[in-house]
There are 2 protein chains.
Amino acid sequence: MKKEETIFKMVKEHHKKTFEKARAEGKMDLEFIPLCEHISKTKNYFTSSCCSGRIVLIGLDKKEKKQESVFHRKWHRKVKFDELKKGIDSFDGSVLWLKQEPIILHLGTNNIINSKIILQICEKIGIKKFGIKVVKDGKQIIELVGTHQINIPVKEDKIQIDDKYLKYIVKKCNQKFDKNIKMLKLLTKEIKKQTK
Amino acid sequence: MKKEETIFKMVKEHHKKTFEKARAEGKMDLEFIPLCEHISKTKNYFTSSCCSGRIVLIGLDKKEKKQESVFHRKWHRKVKFDELKKGIDSFDGSVLWLKQEPIILHLGTNNIINSKIILQICEKIGIKKFGIKVVKDGKQIIELVGTHQINIPVKEDKIQIDDKYLKYIVKKCNQKFDKNIKMLKLLTKEIKKQTK
């Protein structure tokens, strides 16, 4: 067996176990299980991480450096106005951002030919943000990110988003959440069709 | 000369001309000129498109399909409250989004070894969203996207962002715009150092 093949086999096995452990412990986003299950049975692919979208409140310091950012609240589901409002009211740091984050998937494979199959799937189904991020002997990682997102600062000093507008934003976040799940289903279907 | 080399030479020449034409006609984002100029003189790279960030108002229909989206207003610079407010007031479509979009660059090269140099630069300077999107004989395209962005729906039916909050959002958009330019300067410096 070539060196690259040995490396790939080891990496795939490692990620298969990590996936199975996460699923057994209930730590997987349910919507991603069908895709990850299929991928773990393929010959040439593995998944290294995934998230089916989330709605978060992120607290930042004055300089808004990512390093100092803290999840003030985090939901891997749609949200209600009351819980978001409570989260915002209780924040006493510098700057608070509300983010509806899209699906994200890191998909691994063994060579450029198999990577290209994934790139073509993204093109086909309309995922805009994707690309090969890691290229090593026996291992390539493609990142896929959904397009549906909201990024909005909601509290800083004496400024805070008002209730009426926040209610509207909650509605939009939940709409985007649904659109992400729809895109994930389409992705799952297409990957199942084109990978073995 | 190998087939791949011939293809790459043609593609590079084509994009060099497109860049020079755009610059001559004043259609280039000024902040990107130093990077594109350097790249056009390298042996193994070309740029196919770039934008140094912009602030836009995008009108959408009820279903919010990208296909039906229209630029209601577009600025490749920082904005003032009054012009943004006027733009929002004058919109009479279904849904209006305010977006501060990050820098985006499509960088081309001839093979995986040279692509990897760019991937490593992104990792090094902290660009999070990047990846090889196109892999063909004699041509690879890497997409680089900045992280600083704002996406927020500002008008729909009877809902409209109020003036006080909009003033704050304008300030944040302009801050993000500056951060994008800072990242572009860092990227330019690092690419100049690592490509010839």
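Reader: What makes up the count of helices and strands in chain A?

Author: Chain A has five helices and nine strands. Both are DSSP runs, numbered from the N terminus: helices are H or I with at least four residues, strands are E with at least two. From the N terminus on, the order is α-α-β-β-β-α-β-β-α-β-β-β-β-α. This is a predicted model: local features need pLDDT of at least 70, side-chain atom pairs count only at pLDDT 80 or more, and totals for chains, interfaces and linings use all residues. Residues are numbered from 1 along each chain as its sequence is written, chains are lettered from A and ligands numbered from 1 in the order in which they are written, and side-chain values use heavy atoms, with hydrogens and water left out.

Reader: Why is the pair of Tyr165(A) and Tyr165(B) called aromatic, and is it stacked or edge-to-face?

Author: Rings of Phe, Tyr and Trp (its six-membered ring) pair if their centres lie within 6.5 Å; planes under 30 degrees apart count as stacked, over 60 as edge-to-face and the rest as tilted. The structure holds five aromatic pairs over all chains. In one of them, Tyr165(A) and Tyr165(B) lie 5.8 Å apart, centre to centre, with 70° between the planes. The distance is within the limit and the angle is over 60, so this is an edge-to-face pair.

Reader: Where does this pair run from and to?

Author: It crosses between chains, from helix α5 (residues 163-194) of chain A to helix α5 (residues 163-194) of chain B. One aromatic cluster takes in Tyr165(A), Tyr168(A), Tyr165(B) and Tyr168(B).

Reader: How do you know whether Tyr165(A) is buried or exposed?

Author: Buried means under 20% relative accessible area, exposed over 50%, partly exposed in between (1.4 Å probe, protein chains only). Tyr165(A) has 4%, so it counts as buried. Tyr165(B), at 4%, is buried too.

Reader: What share of chain A counts as buried?

Author: Of its 196 residues, 53%. In helix α2 (residues 33-41) of chain A, the buried residues are Ile33(A), Leu35(A), Cys36(A), His38(A), Ile39(A) and Ser40(A). Their cover includes α1 (3-24), β1 (45-51), β5 (104-109) and α5 of chain A.

Reader: What makes Lys74(A) a charge over the ring of Phe71(A)?

Author: NZ of Lys or CZ of Arg must be within 6 Å of the ring centre and within 35 degrees of the ring normal. Lys74(A) is at 4.6 Å from the ring centre and lies over the face of Phe71(A). Therefore it qualifies as a charge over a ring. In chain B, the charged end of Lys74(B) sits over the ring of Phe71(B), 4.6 Å from its centre.

Technical notes:
Contact = heavy atoms within 4.5 Å.
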